[in-house]
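Open the model in your viewer and keep the selection tool at hand. The stops below go from strands to cores to rings, and end at two backbone angles.

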Amino acid sequence: MKIKIILFVALVFCKTLSAQQKQKDSIRSNELSEVVVTGQFEPQSIKKSVFNVRVITNKDIQNLAANNLSDVLNQYLNINVRPSGTSGRSTVSLFGLDAQYFKILVDNVPLVNEAGLGNNTDLSQINLNDVEQIEIVEGSMGVAYGGNAVSGVLNIITKKSSKYKWSMTASVQEETVKDEYALFNEGRHIQSLKLSHTFNKNWFVSLGANRNDFRGFLDDKKGKDYIQNDESRGYRWLPKEQLNSTALIAYHKNNFRFFYKFEYLKEDVDYYNATVQSQYDPALGSYRYSDDKRYFTNRYFHNLNATGKLFSQLNYNVSLSHQKQQRDVETFKYYLFTKNEGDNATTKDQSMEVLYSTGTLSNFFSDKKVDLQLGYEFVNNQGYSLVQEGSNKFTPVRKRLENYDFFASSEIMATERFSIRPGLRFSAQSKFDNQYASSLGLRYLFDKGIELRSSFGSSFRTPTFEELYSKLIFDGHFFIGNENLIPETSNSFEASLKKISFLASGLQISNTLAGSFLNVNDRIDMAWVRSNPDTGNPEYQYFNISKYKMWNLSTMNQFKIENLTFNFGASLVGVSRKIENLKFSSDDKFLYSFNLNSSVSYLIPKWGTTLSAYYKYNGKSQQFIETTSEYVISDISASNWLDASLRKTFLQNQLEATIGARNICNVTNVNQTKTSQSAGHAGPSDLMLAYGRSYFIKLAYNLNL
C-alpha cells in the first residue's frame, strides 16, 4: 500500500510536468516573486533561495481570522499542533519530533519562553496582529540558527513600513467554544488596535495592542462554583486571558536601516481543582472549599536591529535582544458557599532571562559569483525553576547557560544555473563540550521552469533546563532531571524538484516533489531507573537513551488563475525510534503515517468578497510507549480538520467583515490505544486535540490616510 502511494504521487507529479507549457514572456514579466529572508544572506526572491522555503502570507492569516500561531499551523503539511486543555499551552510537532527540536524566531531572533529560548514555545502566546508573513524551512538549520534547529525553523516577519502616512486598524472578534458562548462569560472574545505613522521617507512608528479572552471550555465539567465532590468541578479547557502590546520605531536612509521592537505579553490562566473538600470550624460551621491556582505569565521582548554597508561594500546585519519570560503561581482556597478566597500565596515558578546577539558580514567580493558570510551568535540564559524534592519541599534552582558561536557560509554561483552553499558553525558551550554544525546546499535551475534543490545539514540539540535540573517527587511520583546529559546530534538530507509553469490561458501551476531523511543520536528520554526498595514505586530520570530516524516523501501543488488559488499536498512519513532503559528496549522498525492538506481561495472582485477553505487529514500514526515490562506500539487514530471563512469589504475597503467556522469536522479527542498499560504515565485512551467545532465573526475598521 505504501509503495502504491509513493508511485501514485510520483506519477501525478510527472504527468503535471509533461502537460504544462511555457507562458509568453509578457505574462512571465508580470509575475511577482515572493521575497524571503530566512536562511538568506540578504532578502531575495524565493526562486534564488538555496533552501526550500514555505511561506504563509498575511492574506492566509486574514482568511483564517487567526489571532495566534496555533490558529494557523493546524493546516500545514508535516506540522501538528499539540494543545493541552489542562495547562493552556499549545506546542508544535514536526516529523514526529516535538517542539524542542523546532526553533521559532521573530525577525530572525529566537523567542524566549519560561523554560528556554526558541524551542518548546507556546504557540498560543504568539500574537499575529503585526505579521507580514511567516516562513518555514524544514530540516537541520544548525549553521544559520545554531543549536536546537534540528527539524526546522519558523520565522515570523513583522511589518516595518507602510505606504500610508497614517494608518489605523481596530477590530473585534467573537467566537464560540464548541456550542458554548455568552457575551461575557463563555466563548472567545478578541479586541485589537494598531496605529502607525510614516513621518517622512526615513521614519516610521507603530503601536499595537491585542486582548484575547478565552473563557474556557466546560464540556462535561460544572465550573468553579460546583460544590459536589464527584470530580465534575472545573473546566475541561482552562480559562485564559492574554494582553499583548507592541511598539516599533524604524529608520532607513540609503543603505542604512535600523528598527527597535518592543513586545509585552501578560497571560493569566485559571485552574480550578476538581476535588471538593469538606471541613468544619466551630466559628464558621461546615464549609466546602477547593485548592485552586492561578498562573501569571509575563514576557518582555526587546530587539534592536541594524543593517547597512561598511566601506561601501560589506553588508552587515546585527541584532541585540534582551528578553525575559516569568511564570508565577498563586495558590488559594476557594470557599464554595461564600465564593470568597483565602490563604492566597504567590510564588515564582519558572523564568528565563536572555541576553542575545547575532550578527553577520557578507559581500566580501566584488565578483558576484562568490559571496562569503561570517557571523556570530552570543547567548546568555539565566534560568530559574522551583523544583519539588519530596515531603512537600520546594527548592529554587538558578543556573546560567551560555554559548558563543561563530559561523561561516559561502554561496558560489558555479554557473548561471548552478549554485553551491557550504557552511560551518562552531559553538563554545559553558555547560557542555563544544559543538559543531555543518551544511551543504545545492540548487540547479533547468529549462522550462524546473528547479532542483538539495541540502545536507548536521546540527545539535542541547538539553533543556527541565531535562537538566527538574525534580517532581510526591505521592509515589518520582521524575528527575540529569545534569550529566550530553547534547543530541543530528544530520539531515533534503532534496526537492519544483516546476513552475504558465499556460496561455493565464493558469500558473507550481508543483514540488520533496524527500528528506533525518537522523538523531543520543536522544534524551525519560527512562525507568529502579523500583524504590521501600515503596516499590518506579523511579524515572532523563537519559541519552534513544535513537531517532525519519524519512519523508511529500508533494505540494498550487494552481492559480485570475482570482482563484488552489493548493494540494500529501506526505508519507516513516519514523524509527529506538528506546532503551535498564530493563528492556523497543524495536527500531519504521512506523508510518500519511497526511493530506488542501486549500482554496476565491476572490469575487465585484462583491469585494473572498471565500476560503482549508483542509487537513492527519492519518493514523503509531508510537512506542513504555509498560511495566516492555515497549509496545500505541495507535493514534486518524483525524480530519476543516476551516472555512467568508471575508467581505465595505466602504472602499475601510470596513471588513469575516465570518467562518473552525474545526468543521468537530474533532475533539482521538483514540490512542494501550496508554492504560503505561508505567508511570497511565492515562485515558483519548488524546486531546481540540474542543470541537466553533464559529466566529470578526469586524475590522481600516483607516489609511
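Start by selecting residues 277–281 and 285–310, which are strands S17 and S18. The two run antiparallel and are joined by five bridges. Show Ser278 and look across to S18, where Arg288 stands opposite. The connection from S17 to S18 is a hairpin of three residues. Keep in mind throughout that this is a predicted model.

Next, go to an open sheet of five strands. Its order is S3-S10-S11-S6-S7, and the pairing is mixed. Select 53–57 for S3 and 109–110 for S7 to see the edge strands, each of which pairs on one side only. Then add S10, residues 131–138, which runs antiparallel to S3 and is joined to it by five bridges. One residue to label in S3 is Val55, whose bridge partner in S10 is Glu135.

Glu135 also leads to the next stop, since it is among the residues that Leu154 touches. Select Leu154 and display its surroundings: leaving aside residues up to four places away in sequence, it touches Leu69, Leu73, Phe102, Lys103, Ile104, Leu105, Ile134, Glu135 and Ile136. Which residues touch the most other members of the largest nonpolar core? They are Leu69, Leu73, Ile134 and Leu154, in a core of 58 residues. Strand S29, residues 508–531, supplies the largest share of this core, with five residues. A second core is separate and has eleven residues, including Val36, Ile46, Met141 and Val153. In soluble globular proteins, nonpolar side chains tend to be buried together.

Now turn to the aromatic rings. The model has 24 aromatic pairs. Select Phe217 and Tyr691: their ring centres are 5.9 Å apart and their planes are at 45 degrees, so this pair is tilted. The two residues are 474 apart along the chain. Phe217 is in the loop between strands S14 (203–214) and S15 (240–253), while Tyr691 is in the loop between strands S39 (686–688) and S40 (694–704). Are these two residues buried or exposed? Both Phe217 and Tyr691 are buried.

Move on to Phe256 and Phe258. This pair is also tilted, because the planes are at 40 degrees, with the ring centres 6.3 Å apart. Phe256 has a relative accessible area of 31% and is therefore partly exposed. Phe258, at 22% relative accessibility, counts as partly exposed too. Add Trp203 and Tyr251 to the selection, and one aromatic cluster of four named residues is in view: Trp203, Tyr251, Phe256 and Phe258.

Two rings have a charge over them. Show Lys160 with Phe259: the charged end of Lys160 sits over the ring, 5.1 Å from its centre. Then show Arg461 with Tyr101, where the charged end of Arg461 sits over the ring at 4.8 Å from its centre.

Finish with two residues that have a positive phi. Select Asp522, found in strand S29. Its phi is near 60 degrees, a positive value in a residue other than glycine. Asp522 is partly exposed, with a relative accessible area of 30%. The last selection is Leu651, in the loop between strands S36 (639–650) and S37 (655–662). Leu651 is not a glycine, yet its phi is positive, at about 50 degrees. With a relative accessible area of 58%, Leu651 is exposed.

Definitions and conventions. Residues numbered from 1 in each chain as written. Predicted model: local features only at pLDDT ≥ 70, side-chain atom pairs only at ≥ 80, totals over all residues. Heavy atoms only, no water. Phe/Tyr/Trp six-rings, centres within 6.5 Å; stacked < 30°, edge-to-face > 60°. Helix = DSSP H or I, 4+ residues; strand = E, 2+ residues; numbered from the N terminus. Buried < 20%, exposed > 50% of the residue type's maximum accessible area, 1.4 Å probe, protein only. Lys NZ or Arg CZ within 6 Å of the ring centre and 35° of its normal. Core = buried A, V, L, I, M, F, W, Y, C linked by side-chain atoms within 4.5 Å. Contact = heavy atoms within 4.5 Å. Pairing = 2+ DSSP bridges.
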